[in-house]
Amino acid sequence: MTGVPASAAGGTGAKPAPGGKLGAAAVNQASLWNIANILTMLRLVLVPCFVVLMLQEGGFDPAWRAWAWAAFAVAMITDVFDGHLARTYNLVTDFGKIADPIADKAIMGAALLCLSALGDLPWWVTGVILFRELGITVLRFWVIRHGVIPASRGGKVKTLAQGVAVGMYVLALTGPLATLRFWVMAVAVVLTVATGLDYVRQAVVLRRQGLAAERAAAESAR
């Protein structure tokens, strides 16, 4: 898998050459530094930067809010590209599997908490979105031994709606645009709840199928 020929490890049936394990570890470690993981790490770094920018001058200065929006936008754009690059160019790593969803939820959670703390967004909206995101993560781990719940098209539309809505709230909008952002957020909340319920349904079905398969295997082994 690392591309090291068998002869480098002492041949078939022989003991690995000295430093063989260290060499393999070095290759695996180097694979962490790919473009997909770098984008994920950039997104993690942008979280505290976003919070600092968002809360400058009490959190209500339009210029600082514009800079905060720029940080949020970059984070959301990298979210689109890092997963695509990892899958397209076979750059998937254990670090990426763990860090990518953490980075996604961190930037969105930071934005929602800041907006609610500043009084721009009702706390119940933040609560619904964060409860759904954390709940689905727990749900995935709950059924992971039976299978993986794939990301649905509705889930991707939900993520887009959330990103657009939160981005509009981060900007100091007034007039018709401020009204429009309310309706965009309403759509995002509806999609958040609807897709969350669909994931729960998928998890229940997957778990039932997994348990049935385990029972069948146990019966056949008797």
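Start by selecting His146, in the loop between H5 and H6. This is a predicted model, so treat each stop as a feature of a prediction. Is His146 buried or exposed? With a relative accessible area of 16%, His146 is buried, because the cut-off for that label is under 20%. Now show what surrounds it. Setting aside neighbours within four places in sequence, His146 is in contact with Leu206, Arg207, Gly210, Leu211 and Glu214.

Next, select helix H7, residues 176–221, and pick out Arg181 within it. Which side chain of opposite charge is nearest to Arg181? That is Asp120, 5.6 Å away. Arg181 is buried yet has no salt bridge. Turn on backbone atoms here, and look for two oxygens. The backbone oxygen of Leu171 is 3.3 Å from a polar atom of the Arg181 side chain, and the backbone oxygen of Met168 is 3.4 Å from a polar atom of that side chain. Met168 and Leu171 also appear among the contacts of Arg181, together with Tyr169 and Leu173, once neighbours within four places in sequence are left aside.

Now for the nonpolar interior. Select Phe50, Met54, Phe72, Val166 and Met185: of the 29 residues in the largest nonpolar core, these touch the most other members. Colour the helices one by one and you can follow where this core comes from. At least two of its residues are supplied by each of helix H2 (35–54), helix H3 (62–88), helix H4 (94–117), helix H5 (123–142), helix H6 (153–170) and H7. Which helix gives the largest share? H4 does, with 7 residues.

Stay with Met54 for a moment and display its surroundings. Not counting residues up to four places away in sequence, Met54 touches Gly59, Arg65, Ala68, Cys114, Leu115, Leu118 and Val170. Apart from the largest core lies another one, of 7 residues; to find it, select Val143, Ile149, Tyr199 and Ala203, which are among its members.

Finish with the cysteines. Cys114, already met as a residue that Met54 touches, is buried, with a relative accessible area of 8%. Now select Cys49. How accessible is Cys49, and what does it count as? At 37% relative accessibility, Cys49 counts as partly exposed, because that value falls between the 20% and 50% cut-offs. How many disulfides does a search of the whole structure find? The search finds 0.

Note on methods:
Residues numbered from 1 in each chain as written. Predicted model: local features only at pLDDT ≥ 70, side-chain atom pairs only at ≥ 80, totals over all residues. Heavy atoms only, no water. Helix = DSSP H or I, 4+ residues; strand = E, 2+ residues; numbered from the N terminus. Buried < 20%, exposed > 50% of the residue type's maximum accessible area, 1.4 Å probe, protein only. Lys, Arg positive; Asp, Glu negative; His and termini not counted. Salt bridge = Lys/Arg side-chain N within 4 Å of Asp/Glu carboxyl O. Polar contact = N/O pair within 3.5 Å; in protein donor to acceptor, adjacent residues only side chain to side chain. Contact = heavy atoms within 4.5 Å. Core = buried A, V, L, I, M, F, W, Y, C linked by side-chain atoms within 4.5 Å. Disulfide = S-S within 2.5 Å.
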